[in-house]
Number of protein chains: 2
Amino acid sequence: MMSEISRNGHSGSGQPGRIGIGLELDDIHLKILEILRENGRISVAALAERVGISRANAYTRFEALRADGAIKRFTAEIDHGRAGLGITALIFVTVRQQMWKQFRAELARMPEVEYCAITTGQHDAMIQVRVADVAAVHTMVTDRLANIPAVKATETVFILDEVLRRPYVLPGDGRQAARQARRPAPSEERDDVPLGKMRFVGAAEGRAALRKDD
Amino acid sequence: MMSEISRNGHSGSGQPGRIGIGLELDDIHLKILEILRENGRISVAALAERVGISRANAYTRFEALRADGAIKRFTAEIDHGRAGLGITALIFVTVRQQMWKQFRAELARMPEVEYCAITTGQHDAMIQVRVADVAAVHTMVTDRLANIPAVKATETVFILDEVLRRPYVLPGDGRQAARQARRPAPSEERDDVPLGKMRFVGAAEGRAALRKDD
DNA sequence: GTTGAAATTAGTACGAA
DNA sequence: TTCGTACTAATTTCAAC
């Protein structure tokens with residue numbers, strides 16, 4: 001029903017970008033993932049044809065990806081509006097230290113939470129909820145979240161529009177990006193970028209005052 | 001490759017929580033969606049059995065849900081760490097008014113962006129990116145985002161851990177919530193909830209100063 | 001890693017309740 | 001509408017190459 005999902009870390013391997021311990025993923029594996037994230041119901045036979053390998057090979061790789069955990073599961077994307085959950089909100093939560101375990105346990109009991117991530121910055125966690133109406137957000141925050149001792153403070157914003165959601169970003173996309181963006185060729189490095197535009201918010205700096213910069 | 005996804009609004013219907021114009025979704029439809037979001041590759045035959053309807057009926061409903069758009073697509077969930085994208089970050093963007101169109105167009109050209117939503121509050125949009133290493137986040141923000149005229153300012157936080165992701169929240173979950181949480185047993189109703197804990201950030205208030213409340 | 005043939009399963013059509 | 005059945009097409013499995 002609810003799923004703990006993998007940490008961002010690389011299971012011990014210190015090298016960022018390094019492929020995980022299990023399978024070595026080659027280009028064909030990545031192409032399979034790319035097709036599967038667009039169409040999770042494609043038959044393995046059709047997959048083999050699109051990738052340009054034999055069916056037996058496709059079955060082997062498909063199973064390997066599943067077994068290795070590179071593919072975690074297959075899922076259907078639902079239109080929430082049509083399913084009666086027209087309101088999406090983000091709730092940024094400040095958690096009392098040493099009460100994370102309780103916070104997580106409570107989260108698991110809230111089915112309207114679609115996503116929760118621990119973040120650096122001003123807050124400690126961001127949760128995304130889907131509910132039927134604005135009142136439900138209010139109820140959720142004031143009745144449920146605020147009653148959790150682990151929750152020190154919350155800040156809620158509403159999502160007005162979801163501009164894009166990609167099924168899942170893959171390294172292949174990065175290569176495309178590198179091509180498209182043709183990155184920071186040291187020579188043509190742009191130094192006219194207005195530095196005041198950007199801000200990186202680390203964990204320590206987090207609770208510090210937030211200046212407004214517009 | 002990239003997909004515009006539906007607005008939060010209810011396509012004209014003013015009633016929040018109301019099912020969209022197309023299909024009337026009954027309990028069986030919702031049960032089908034519930035199964036499909038857990039296992040997007042289940043066969044329609046197996047689906048029929050689990051729901052307790054005939055195979056023919058299952059095919060009809062399955063197709064109807066697809067045609068109606070209640071099911072938008074099927075996708076595979078990838079383990080990003082294993083795929084070489086170990087870093088996830090959230091970038092909050094302040095967008096110059098009347099340059100939204102440009103902003104969206106540029107977003108479409110950034111494959112490392114997995115999700116983008118327009119929000120109320122201090123910022124105008126939140127984008128989630130997946131990249132190989134921390135340096136790539138820096139490059140993304142300073143070289144790509146900052147060079148978009150539509151982008152007035154950004155604020156970046158890193159995701160340290162993704163605590164939970166549910167495939168998709170459905171109204172049925174709400175019912176469960178009501179049951180599970182069955183919470184405020186009037187006797188143990190807590191009226192000592194510190195109101196200062198919560199903050200709702202509307203669009204207008206947005207750019208106002210942000211006090212620190214810890 | 002590939003191909004081809006057998007076994008199984010999926011998808012369609014249609015009449016009856 | 002929904003169900004049950006029969007029919008056709010496709011997929012998966014498994015063998016040998």
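# A tour by selection

Start with Q98(A), which sits in the loop between β2 and α4 (100–108) of chain A. Helices and strands here are DSSP runs numbered from the N terminus, with at least four residues (H or I) for a helix and at least two (E) for a strand. Before you click on, know that this is a predicted model, in which local features need pLDDT of at least 70 and side-chain atom pairs count only at pLDDT 80 or more, while totals for chains, interfaces and linings use all residues. Residues are numbered from 1 along each chain as its sequence is written, chains are lettered from A and ligands numbered from 1 in the order in which they are written, and side-chain values use heavy atoms, with hydrogens and water left out.

**Stop 1: the Q98 loops**

What is the phi of Q98(A)? About 65°, so a positive value, although Q98(A) is not a glycine. Most residues other than glycine have a negative phi. Is Q98(A) buried or exposed? Q98(A) counts as exposed, at 80% relative accessibility. For these labels, buried means under 20% relative accessible area, exposed means over 50%, and partly exposed is in between, using a 1.4 Å probe and protein chains only.

Now pick Q98(B), in the loop between β2 and α4 of chain B. Its phi is positive too, near 65°, and Q98(B) counts as exposed at 80% relative accessibility.

**Stop 2: T88(A)**

Go back to chain A and select T88(A), in strand β2. T88(A) is buried, with a relative accessible area of 0%. Show R130(A) as well: the side chains of T88(A) and R130(A) make a polar contact at 2.7 Å. A polar contact is a pair of N or O atoms within 3.5 Å; within protein, one must be able to donate a hydrogen and the other to accept it, and residues adjacent in sequence count only if both atoms are side-chain atoms.

**Stop 3: DNA strand C**

Next, select DNA strand C and the residues near it, meaning those with a heavy atom within 4 Å. From chain A you should see S54(A), R55(A), A56(A) and N57(A), and from chain B S43(B), V44(B), A45(B), R55(B) and Y59(B). α3 (55–68) of chain A, plus α2 (44–51) and α3 (55–68) of chain B, each supply at least two residues of this surface. The largest share, three residues, comes from α3(A). By class, the surface has four nonpolar, three polar and two charged residues. In this scheme Ala, Val, Leu, Ile, Met, Phe, Trp, Tyr, Cys and Pro are nonpolar, Asp, Glu, Lys and Arg are charged, and the others, Gly among them, are polar.

Zoom in on R55(A): an N or O atom of its side chain is 2.8 Å from a base nitrogen of DNA strand C. Two other side chains have a polar atom by a phosphate oxygen of this strand: N57(A) at 3.0 Å and Y59(B) at 2.6 Å.

**Stop 4: DNA strand D**

Switch to DNA strand D. Of its atoms within 4 Å of the protein, 77% belong to sugar or phosphate and the rest to bases. Which element gives the most to the surface near DNA strand D? It is α3(B), with four residues.

Show Y59(A), whose side chain has an N or O atom 2.2 Å from a sugar or linking oxygen of DNA strand D. On chain B, N57(B) has a polar side-chain atom 2.8 Å from a phosphate oxygen of DNA strand D, and an N or O atom in the side chain of R61(B) is also 2.8 Å from a phosphate oxygen of this strand.

**Stop 5: the largest nonpolar core**

Now hide the DNA. A nonpolar core is a set of buried Ala, Val, Leu, Ile, Met, Phe, Trp, Tyr and Cys residues joined through side-chain atoms within 4.5 Å. The largest one has 28 residues, and those with the most contacts inside it are I91(B), F103(B), L107(B), I127(B), M140(B) and L145(B). β2(B) gives the most to this core, with five residues. In soluble globular proteins, nonpolar side chains tend to be buried together.

**Last stop: the largest cavity**

Finish with F92(A), Q122(A), H123(A), F92(B) and H123(B), which lie nearest the centre of the largest cavity among its 20 lining residues. On a 1 Å grid over the protein atoms alone, a cavity is a set of points where a 1.4 Å probe fits but cannot get out, and lining residues have an atom within 4 Å of a point. The volume of the largest cavity is about 240 Å³; a volume is the space filled by probe spheres set on the points, with grid points joined across faces, edges and corners.

How values were computed. 1 Å grid on protein atoms, 1.4 Å probe; cavity = no way out; pocket = protein on both sides within 12 Å on 5 of 7 lines; lining within 4 Å.
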